[in-house]
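Please open the model in your viewer, with side chains available for display, and follow the selections below in order. Each stop names what to select and then says what is found there.

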Amino acid sequence: DVVEALRTSLKNHDVKINITCTSKEDHLDDVDELVEELMQCALYASGDPTGGDYIRYQYGGYTYTYDNRQTDGGYDYTISIVPQYYTDLEEEEEVDAKVKEILEETDFGFVSSDLQRVQKIYDYIYENVSYDTVRKNHDGYHKKSTAYAALVQNTAVCQGYAVAMFRLLEEVGVDCRVVTGIATYEGESEYHAWNIVRIDGQYYNLDVTWDKELGNHDCFLKTDADLSGHERDEEFSSEEFYGKYPMAEMSYEYQE
């Protein structure tokens, strides 16, 4: 119940999230671990287009304060979490409206397969979103990494592309994750974000950012072996992660 309430507060962009609890003993030394675990659970991939990775990659962490008060039965705790959001609620409402518009215009009523859904969303982002070279290195401008930047402003960096892809694919019922790591091209390496998507029970890499920048479709639904220049962070390359998200052994080719 606490995790669900926390997740709802994050989706609502609540400025401060208060959690109260009671204990028979003093557990102040456990608060750090408790808050971290609660946040991880609230951001767990759940198949919700506006939850999971959508929240995780559009906020810059949190600060928190806490105190406890001794009572006859033990201790009453109050924990106040203050998240740092990259967008505000009004901007998220603009994203909601844009997502609805995109899905209505794309007309998924006649699309029967996940493969077709993926390519339609991929094509939309490929054709309508440009890479934000102006603010790429502006560390203080976090909006460049959001679905708002990609879908409403039509310019974003890789994380904005990946979050927009996640949002749209989850809206049409295709399981998707945002993954991060190091991307290397022509000897130059940088931190990067892309997607994995599920088709017929197996997952494929999808990097629309690279494809748009290079003017090709070489990162469309690729196996790990066929996705050159991408090295996942440890979180996404562990045996446990691959157990949950088994990768395909044969890539798809983009169909014009």
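Begin by selecting H13, which in this predicted model sits in the loop between α1 (2-11) and β1 (17-23). With a relative accessibility of 16%, H13 counts as buried, and if residues up to four places away in sequence are set aside, the side of the structure that H13 touches is made up of Y85, T87, D88, L89 and E92.

Two of these contacts lead to the next stop. D88 stands at the start of α4, where one of its side-chain oxygens reaches to within 3.2 Å of the backbone nitrogen of E90. Now select the whole of helix α4 (residues 89-106), which has 18 residues and spans 26 Å from its first C-alpha to its last, close to the 26 Å expected at 1.5 Å a residue. Colour its buried residues, which are E91, E92, V95, V99, I102, L103 and T106. Because they cover an arc of only 110° around the axis, they lie on the same side of α4. To see what covers these buried residues, display α3 (53-56), α5 (114-128), α6 (147-151) and α7, which are included in that cover.

Turn the view to the face of α4 directed away from its buried side, where the exposed residues E90, E93, K100, E104 and E105 are found. Pick E104 among them, which has a relative accessible area of 54% and is therefore exposed; a distance drawn from E104 to H230 gives 34 Å, C-alpha to C-alpha, for two residues 126 apart in sequence. Following the helix to its end, you arrive at D107, which comes after α4 and has a positive phi, near 60°.

Return to the buried side and select E91 together with K143, whose side chains meet in a salt bridge with an N to O distance of 3.1 Å. This pair links distant parts of the chain, since K143 belongs to the loop between β4 (130-131) and α6 while E91 belongs to helix α4, 52 residues apart. Are the two partners buried or exposed? K143 has a relative accessible area of 18% and is buried, and E91, at 12% relative accessibility, counts as buried too.

A search of the whole structure finds 14 salt bridges, and two further pairs are worth selecting in turn. Take R117 and D114, whose closest N and O atoms are 3.3 Å apart. Both are in helix α5, and because they are 3 residues apart there, about one helical turn separates them. R117 is buried, with a relative accessible area of 18%, whereas D114, at 26%, is partly exposed.

Then select E253 and K222, which form a salt bridge at 3.5 Å, N to O. Here again distant parts of the chain are linked, with E253 in the segment after α10 (239-244) and K222 in strand β9 (residues 220-222), 31 residues apart. E253 counts as exposed at 55% relative accessibility, while K222 is buried at a relative accessible area of 7%. Add D96, R167 and E171 to the display, which are joined into one network by salt bridges that share partners.

The next selection is the largest nonpolar core. Of its 57 residues, V118, I125 and L151 touch the most other members, and the element that gives the most to this core is helix α7 (residues 158-171), with 9 residues. Centre on I125 and show what surrounds it: leaving aside neighbours within four places in sequence, I125 is in contact with Y161, A164, M165, L168 and V208. A second core, separate from this one, has 15 residues, including L6, M39, I79 and Y85. Y85 has already appeared on this tour, as one of the residues touched by H13.

Finish on F166, which is placed in helix α7 and counts as buried at 4% relative accessibility. Apart from residues up to four places away in sequence, F166 touches D48, P49, G51, D53, Y54, C176, R177, V178 and N195. As a last distance, draw the line between the C-alpha atoms of F166 and I121, which are 45 residues apart along the chain and separated by 9.8 Å.

Key. Residues are numbered from 1 along each chain as its sequence is written. This is a predicted model: local features need pLDDT of at least 70, side-chain atom pairs count only at pLDDT 80 or more; totals for chains, interfaces and linings use all residues. Side-chain values use heavy atoms; hydrogens and water are left out. A nonpolar core is a set of buried Ala, Val, Leu, Ile, Met, Phe, Trp, Tyr and Cys residues joined through side-chain atoms within 4.5 Å. Buried means under 20% relative accessible area, exposed over 50%, partly exposed in between (1.4 Å probe, protein chains only). Helices (H or I, at least four residues) and strands (E, at least two) are DSSP runs, numbered from the N terminus. Contact means heavy atoms within 4.5 Å. The expected span of a helix is 1.5 Å times one less than its number of residues. The arc is that of the directions from the helix axis to the C-beta atoms. A polar contact is a pair of N or O atoms within 3.5 Å; within protein, one must be able to donate a hydrogen and the other to accept it, and residues adjacent in sequence count only if both atoms are side-chain atoms. A salt bridge is a side-chain nitrogen of Lys or Arg within 4 Å of a carboxyl oxygen of Asp or Glu.
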